[in-house]
Every structure is written in C-alpha cells, then in structure tokens.
Amino acid sequence: MEEIRKDPLVPAVKPDPRASSIGEGPNHRHENDEGGSGGLEIGAPDLDKDLLCPICMQVIKDAFLTACGHSFCYMCIITHLRNKSDCPCCSQHLTNNQLYPNFLLDKVSLSYLAHTHSYKCCFAELVIENLLLKKTSARHVSKTASPLDQFRDALQRGCDVSIKEVDNLLTLLAEKKRKMEQEEAERNMQILLDFLHCLRKQKVDELNEVQTDLQYIKEDINAVERHRIDLYRARDRYSVKLRMLGDDPSTRNAWPLEKSHTGFNSNSLSIRGGNPSGNFQNKKVVEGKAQGSSHGISKKDAQSGSDSQSLNQSSVSMARKKRIHAQFNDLQECYLQKRRQLVDQPHTNQESDNSVVRREGYSHGLADFQSVLTTFTRYSRLRVIAEIRHGDIFHSANIVSSIEFDRDDELFATAGVSRCIKVFDFSSVVNEPADIQCPIVEMSTRSKLSCLSWNKHEKNHIASSDYEGIVTVWDVTTRQSLMEYEEHEKRAWSVDFSRTEPSMLVSGSDDCKVKVWCTRQEASVLNIDMKANICCVKYNPGSSNFIAVGSADHHIHYYDLRNISQPLHVFSGHKKAVSYVKFLSNNELASASTDSTLRLWDVKDNLPVRTFRGHTNEKNFVGLTVNSEYLACGSETNEVYVYHKEITKPVTSHRFGSLDMEEAEEEAGSYFISAVCWKSDSPTMLTANSQGTIKVLVLAA
C-alpha cells in the first residue's frame, strides 16, 4: 500500500496556512476559550477547501482518489457512480475500478478532526472506521489486482510466510512454468504443422498442375507425331509420282528444259519477224547432240537442286529453333495458358480464325499455339524495301508526327511539324526509284500537326488535329477542308474516325477534354471532362459506342458514350503518361507509355494480359501500330521494334540511320522514331523518324 500512498496524483497540501490553522489553532482556542465551545467557530473559516468532499461539502471521510485526480468520500462517490459514470468535478468517464484510497488525505482529515475540540469525541470512531476502510480498500484492491500483484503486496506488508510454504509455492511455480512451456511448445508445433499442411497442399496442387500439363504435352506429342507421319507418307507418295513422271519418256519429252528455252526464243523471234525455220533446224541439232546426256544431266541437276534446297531448309529450321530457345519461357507460358484455357472447349464453340489450321486430333489450344509459334518464328528481321527523304536535311522541322494508310492501303498520308499533309501513292513509292518520290497531294495547314485519321468509308476523307487545338476534316481530292472544329482550348493530340459510323470522330486535347464530333454538325455532339491531359483517343473497331482514352494520369479510361458519367473501366498499370491506345480486335487493346512499355488489355473482361519491354521511350511520342498478331512501336534510340502479341520480348528491330557504326550511334542519340503504321494485316509497315526519313519495312525470315 506504500506505492499507492506515493502516487503523484495525490493533491499536495499547502504547508503554511494549514500548519497554522490545524497545528496551532487548537492550542490557541484552549487558551482563549475555557469552555471550548468556540472550536468550530474559530476553525471553520480556516478550513482548507481541499479537505471538503465536493459532493457533501463536509470534511472528507474515507477519502478515495479518482483517476482524474479528484478526492471524495467513499460513500459519496460510490453512491454517485450508481447513477452516473463520470467524475462530479470534471465529468471525465469514471468507474468503480478507477477509485484508489487516498491515505494521505485521510491522515490530514483525521489530524484536523483530532485537533478540533468538537470532534474529539468522534476521534475513536473515525479511527475504527479508518481501519475498516483500510480493510475495505484492501479487499477492493485484491479484487482488481492480479495474483502476482497481490503476492507482491503481501510480501511488502511483511506477511509471515514459512519456508515450507515458500517451497510449496516454488514447486507450484515450477509446475506452472513447465505447463506454460509445454503449451507454448504445442502452439509452436501447431503453427509449424499448419504451415507444412499449407505447403503440402500448395505443392500437391502444383504437382497436379504439372501432371495435368504433362498429360496435355503427351497427348499433343502423340497428335503431332501422327500428323508428321501422315505428312511423311504424303511426301513419299508425291516423290514416287514425280519419279514416275520423270521416268516416262513422253512426259520427259513434253517438258524438256532446253526445248522450252529454245521454243521461247523462237516465238520471240517470230513475233519480231525472225526466221522460224532456221531456229527450228538449230533446235533439232541441239536436241540431237544433247539427247544422250540430257537424262543424266537432268538427274544431276535435280539432285544438286534437292541438296541445296535441303540445306536452305535446314538453315531456316536452325534459325527458327534458335528463336524458340531464345524466347522459350514466354512460349512455354503461352502454350500452357492456351492449353489449360481451351482444353474443355470444343472447336465449334470457338470463334473462327483463318490463321489457325485445324488438324484431326489437335486440341484447340494446340492449334492456337501452333499458329502463334508459326507466326513468331516466321520472321527474324525487318528489310527495307523503299525509303523517302520526307524533309529537308538542313531544316529542323522534319518530325513526322503521324503516318496512316487509307481505306484500301493504296495511299498513305504523313503530317508533322512541317504544317503540311502529304499524300503518297504506295505502289509508286515501292516500285519507283527513291530520288523521284513526290507526294501526289499536299495540303498546307496553319499549325503544326499531331495526328491523322483516314475515314474507313469515305476514301478521300482524312481528319487532322493540330497544336492549336483545331480538328479539321479534309477532302484529299479537292484539297480543301470540309469542316473545322475549334472548341478545344489547347493542343489536340489525337483524332480518330469511327470504323462503324463514318460520320463520327473523336478527339482529345491538353485541355483535359474528349470531344465527339459529327461531320454533319458544326459543334461537338458530346463532351467528356477529365482531370488530366488527354494524349490519345481511339474508337473500338466493333462499335461507335465505345472509346479508349489514354491520359497523363497514367491510366486508360474505357467509356461507353451512351453513359459518360463515369468510365466502364479504368485500366491501371503504366507508371507514366499513356501516349497511344490501339485496338487489335474488338476485345484486345494495346497501349504505349513513356515508361518504356507496351501493355495488352482485355476490354471484355477488364483484365491486363501482357506487358512488353525492350524499346526506350521516356519523353517523346514514338508511335504505336498493331494488327491481329503483331505490335510495333518506335524507340528513342532511332529504332523500330516489333513484338508478337503473345511474347513479351521483341521479335526483331530495325535501326534508322547510317551503316557506319559511329555515325549510327550518334544519330541514335539525336533522333527518334516518331510514327509507325502497319499495312492492314500484312508484314509491311510504314515508319518515320524525327529526321523526316520515311521507310517501308517488311518482315523477313
């Protein structure tokens, strides 16, 4: 109980006034008042307020201290707490468990009452009550204190304990300790057992998955082996037929190599007015001389041709195998994903895909993966088939911001900071020398251009967006603007015509607004206010009701234009601004960002599919183009990168610039790819860089 008496919450008593009024007051009263009847009258005015109970306003009896630091009579505060649960002085929350005996205040109160004449008769009673109070407080403490605290308190009070009792207590504590250690060990064993069970379940699941995958692989190996045997048998049958045809004299005489060449020459000469009879006689002489050895020569030629063809095929196969091993992990993931997803789905329930060859015994997943493997290993490089120097090499404003094919892939248009839209004929660019390439149409604009979009229904209509925020629809035939929309307040980065509704187009701008336009109206028909700059917009190719919006907030917002109050879904994953969005199909969306990644999304199930890395893009618009199988983008290293949609690493790349390594490295730091565009689903692609160079590239083995 000594600890309680030393509690700092106990209020301090002022020494001087109380010492004079309590210690000296009674002596003074005895000297001046023989009857002693004036004790209360003398002492009452000097009574310290700290000795009064705030509830009954009498000298505190059985003083108890609250947790908030106030003292009351025990009965007064207990009675109060039966009705309320707060302190009468400060209204702080208070319960019976927060009451503590205030022995110091009791001692002061008793001292005061003992020295007061009118209370001398009550002193003995107060002492008895104080003793009872101590017992009550001890019982109160014993109810709230822990056994350890009670034992410590008993020892501090000097409780007599025998050695035998101490030994029994130590034995009990030792047993208690062993029991607690046992329980702790059991708990630890249970935790370990739970972990091992969880690990076992996980590994069993993995084992089951591996066994299932092995079963799929076994089935697919058998199916492929059967099909390969069928192919070998078919090849043998064709070889036998070819040998039979080669051994047949009538067949050999019908298509001799030398005769066909001679006959061609004779026909050519006869057309030009030569002597056919002379040629015919010469032909007979040649036949007569060569008749004995022509059969042997043709066999040698056939054998050498077959050997060279086999070597070529072998080298191609080796190159394709190297590409497989280089991307083995991605291909493995692709195979297992397709095999697991499509194992139970019959072919009839799948969407038709002309690129996937269906074979007897093949699962749909295997057929899909074979298509991926074939398209992925088919190409290993990009070959340049044409090049145009679009800008003046001495002029800095050469950046081609956009390059796009028209509806029929016959024309393509370019635009950029040169304030001009140039339209080229694709066949002329590919087939004619580079030094005579000129645009067939040029249309000048007031401002630098950021984006182009051909109308997929009206062949001669093209839309542009510029740095002043103006969206313009042009007629390439008349070289005149049909509509100009000037509602954007800042630079418009992107514009796109709807594929399903030819009169509708959408644009996005730095003013954080997406606007939908109709070529039959002069004002926008729809406006979407967003919180960040708009970098790109794109219609879903299957519906004019859905658009994808790439923003500087690092997100892609997918909207249904029938309800623009909020997007259908927000795709998150990029770490910087989204610079381009393009649709591979109605459900597949690709995006590019200045975080040097491309990402593929499923807009039907609102899921991320894959992330592509390999190029460098941290600050510029480097272009993005897609078709049904491939994605291509530029890089700030002046390179074009091509990705297969199922593989996260590049299939191939091509660097612009000089063949000299030092010059190429210097150009790689100075220029960047600024625009790319596939020619529909063909392996041909248009590319342009910030130097103004345009190249036609084609995927090659």
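Analyst: Two strands pair if DSSP finds at least two bridges between them, and both strands (E, at least two residues) and helices (H or I, at least four residues) are DSSP runs, numbered from the N terminus. This is a predicted model, in which local features need pLDDT of at least 70 and side-chain atom pairs count only at pLDDT 80 or more, while totals for chains, interfaces and linings use all residues. Residues are numbered from 1 along each chain as its sequence is written, and side-chain values use heavy atoms, with hydrogens and water left out. By these runs, the protein has 15 helices and 31 strands.

User: What makes strand 26 and strand 27 a pair?

Analyst: Strand 26 (residues 630-634) and strand 27 (residues 639-644) run antiparallel and are joined by five bridges. Pairing asks for at least two bridges, so these strands count as paired. To find one place on the model, start at G634, whose bridge partner in strand 27 is V640.

User: How do you know that strand 27 also pairs with strand 28?

Analyst: Here too there are five bridges, in the antiparallel sense, and Y641 has S653 in strand 28 as its bridge partner. A hairpin of five residues leads from strand 27 to strand 28.

User: Why are strand 25 and strand 28 said to stand at the edges?

Analyst: The open sheet has four strands in the order 25-26-27-28, with antiparallel pairing. Strand 25 (624-626) and strand 28 (650-655) each have a single partner strand, so one side of each is left without a neighbour in the sheet. On average, neighbouring strands of this sheet are turned by 15 degrees against each other, direction ignored.

User: What packs on this sheet?

Analyst: Helix 13 (residues 364-378) does, and it touches strand 26, strand 27 and strand 28, where a contact means heavy atoms within 4.5 Å. The direction of helix 13 makes about 160 degrees with that of strand 27, on a scale where angles run from 0 to 180 degrees between N-to-C directions of axes fitted to C-alpha atoms, for helices over the stretch in contact.

User: Which strands stand at the edges of the sheet with the order 5-6-7-8?

Analyst: They are strand 5 (400-405) and strand 8 (441-444), because each has a single partner strand. This is an open sheet of four strands with antiparallel pairing, and its twist averages 15 degrees from one strand to the next. Strand 5 is joined to strand 6 (residues 411-416) by five bridges, and F405 stands opposite F412 in strand 6.

User: Is I534 buried or exposed, and how do you know?

Analyst: Buried means under 20% relative accessible area, exposed means over 50%, and partly exposed lies in between (1.4 Å probe, protein chains only). The relative accessibility of I534 is 0%, so I534 counts as buried. I534 lies in strand 17 (residues 534-539), and its contacts, leaving aside neighbours within four places in sequence, include W493, C512 and V549. In the whole protein, buried residues make up 40% of the 701 residues.

User: Why is V161 called partly exposed?

Analyst: V161 has a relative accessible area of 39%, which falls between 20% and 50%, so V161 is called partly exposed. V161 is found in the loop between helix 7 and helix 8.
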